[in-house]
Amino acid sequence: MRKILIVGAGQSGLQIALGLQSHGYEVTLMSNRTADEIRSGRVMSTQCMFHTALQHERELELNFWENQAPRIEGLGVSVAAPDSGRAVDWVGKLDGYAQSVDQRVKMAGWMETFAQRGGQVVIHGAAVGDLDYFSRTYDLVLVAAGKGELVSMFERDASRSVFDAPQRALAVAYVHGLAPRPEHPDFDAVRCNLVPGVGELFIMPTFTNTGRADILFWEGVPGGPLDAFKGVKDPSEHLALTLELMERFVPWEYARATKVELTDANGTLSGRYAPTVRKPVGRLPGGGAVLGVADVVVANDPITGQGSNSAAKCAASYLSSIVEHGDQPFDEAWMRSAFDRYWDTAQHVVKWTNAMLGVPPEHVLNLIGAAGQLQPVADRFANGFNDPADFENFFFEPEKTNAYLASVRPAA
C-alpha cells in the first residue's frame, strides 16, 4: 500500500486525502489545528463553489451540506454610476446552481470524517525540516498549506506571475439579517458590485455554524478609500466600517443591510496578498522533493471567486494523476506532469483574474453593458465563473467580443 503525506487541511488537502483514502491508499494528514479549533476559529475565506467544483465533491460523496446550504441560481453584476445610482444592473442565470459552505464547517467535518474512516491525523505545524524527514518515509509528500514557511520552498514563476504586489485590500464579514434584493426576493444570487477606480463589493449567501448567512466582501484598490481595514481588530468596528463604505459607494446594497449583525465574534477577516504562480516542485535540504497543491502553486486574487473552485479542481486532477500512476515512483518528472495537467485548467483562471484586476478596456465595458439588454450575454458571463476557459471565446479580444455580441443581437 502506497503511503502519502498531505500537509494542510483545507479544501484541496482534505479532498485529496479523502479521495485517496477511498482508493485504499495509506494517507497521513498533517494540520496545524484540530477539527474543533477550525470549527470555532476565525472565518477563512469567501468560498462560492460553482457546478464543476461541486461535482468533484459529489463524486467523492463529500457533499454533506448540500441540502442545507442556499442554492445560488444566478450571478448579478452592478456598476456604480457617479451619482451613487447604478449604471449597469443585471443577473445571469447559472446552468447548475452554486453553493457556499463556511470552510470552518466543511474542513472540520471533512477532517473528522477522514479520521473516522481510518486516516491518520497529525496535529503539528510542519516546518521544512519536518518534511525533510518525512520525504524519506512516504512515497509522496503533498504540500497544501498555502501560507507560512512551507510556501517559501516553491520558487515564484516569473513567466506566469504578472504581479509582484497585492492588487486589492480584502475585508470580509459574515452576517445574519441581510434582506433580499427587492427585485429578486425569491432568487439567491452572488452579487458583484463594481465601483470604478475604487474596488468591488461581493455579496453571497452561505451556510455557516449558525445556519443561513450572507458574506459581505470588500475588495479595495490599495491606497484608495476601501483600503481602510488595516489595524481594525474589533469585529464590531470591522462591520461598522463595512456598512459605512456600503452606504457611501453601493447604497442599493446598504439599503438591505441596515439590520445585519455578525454571525459570530470570529466572522470577520481582512488582509492582502500578491497573486502568484509558483513552480510546482519544492526541493528539501536533504535532496527530496515535494509537490505543491492549489494555492501553494497558483494563488489568484479572489476577485473572480475561483479560490475554492480551483482548489477542488486541482485536488481532482492530482487525484487522477496519482491513481493512474500506479506503483511507479513519484519523481520530479511525474510531479511536473501532474501540475501541467492541472495548469491546463488553471491557466484560464489566472488570465481572467489578472484581467479583472486591471482597468477594463472598452470592449469589456461594452460586454458588461450589453448583458443588461441581452439575457444570453448575462447568462454566458455568469457561467464563465464555472468554466473560465470560455472567456477565451468572447472576453479578451475586441474582435471576438464584437463578433459574439453581433451574433447574439439578431437572435434577441
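Which residues have the most contacts inside the largest nonpolar core? In this predicted model, they are Ile 6, Leu 131 and Tyr 318. The core holds 67 residues. Helix 9, which spans residues 332-357, gives the most to it, with eight residues. Apart from this core lies another, of 43 residues. Leu 94, Phe 163, Met 356 and Ala 382 are among the members of that other core.

The surroundings of Ile 6 can be listed in detail. Neighbours within four places in sequence are left aside here. Ile 6 then touches Gly 13, Ile 16, Ala 17 and Leu 20. Its contacts also include Val 27, Thr 28, Leu 29 and Met 30. Further along the chain, Leu 142 and Ala 144 are in contact with Ile 6 as well.

An open sheet of six strands is present, with mixed pairing. The strand order is 5-2-1-6-15-14. Strand 5 (120-123) and strand 14 (281-283) form the edges, and each pairs on one side only. From one strand to the next, the twist averages 25 degrees. Strand 14 pairs with strand 15 (residues 289-292) in the antiparallel sense, over three bridges. Within these strands, Val 281 stands opposite Leu 291 of strand 15.

Strand 3 (residues 72-80) and strand 4 also run antiparallel, and eight bridges join them. The two strands form a hairpin with five residues between them. In this hairpin Ser 84 takes a positive phi, near 75 degrees. Val 77 has Trp 90 of strand 4 as its bridge partner.

Trp 90 also takes part in an aromatic pair. The whole structure contains 19 such pairs. In one of them, the ring centres of Trp 90 and Phe 381 are 5.7 Å apart, and the planes stand at 80 degrees, so the pair is edge-to-face. Trp 90 belongs to strand 4 (residues 86-98) and Phe 381 to helix 11, so the pair ties together parts that lie 291 residues apart in sequence. Both Trp 90 and Phe 381 are buried.

A tilted pair is formed by Phe 394 and Tyr 404. Its rings are 5.3 Å apart, centre to centre, with 55 degrees between the planes. Phe 394 lies in the loop between helix 11 and helix 12 (398-411), while Tyr 404 lies in helix 12, so this pair ties together parts ten residues apart in sequence. Phe 394 and Tyr 404 are both buried. Ring pairs link these residues into a cluster, which includes Trp 90, Phe 381, Phe 394 and Tyr 404. Phe 50, Trp 352, Phe 385, Phe 391, Phe 395 and Phe 396 also belong to the cluster.

Helix 11 (residues 375-383) also contains Asn 383. Is Asn 383 buried or exposed? Asn 383 has a relative accessible area of 17%. The limit for a buried residue is under 20%, so Asn 383 counts as buried. With neighbours within four places in sequence left aside, Asn 383 is in contact with Lys 93, Leu 94 and Asp 95.

Charged side chains also meet aromatic rings. Lys 3 lies over the face of Tyr 138, at 5.1 Å from the ring centre. The charged end of Arg 104 sits over the ring of Tyr 174, 6.0 Å from its centre.

How values were computed: Residues numbered from 1 in each chain as written. Predicted model: local features only at pLDDT ≥ 70, side-chain atom pairs only at ≥ 80, totals over all residues. Heavy atoms only, no water. Core = buried A, V, L, I, M, F, W, Y, C linked by side-chain atoms within 4.5 Å. Buried < 20%, exposed > 50% of the residue type's maximum accessible area, 1.4 Å probe, protein only. Helix = DSSP H or I, 4+ residues; strand = E, 2+ residues; numbered from the N terminus. Contact = heavy atoms within 4.5 Å. Phe/Tyr/Trp six-rings, centres within 6.5 Å; stacked < 30°, edge-to-face > 60°. Lys NZ or Arg CZ within 6 Å of the ring centre and 35° of its normal. Pairing = 2+ DSSP bridges. Axes fitted to C-alpha atoms, helices over the stretch in contact; angles between N-to-C directions.
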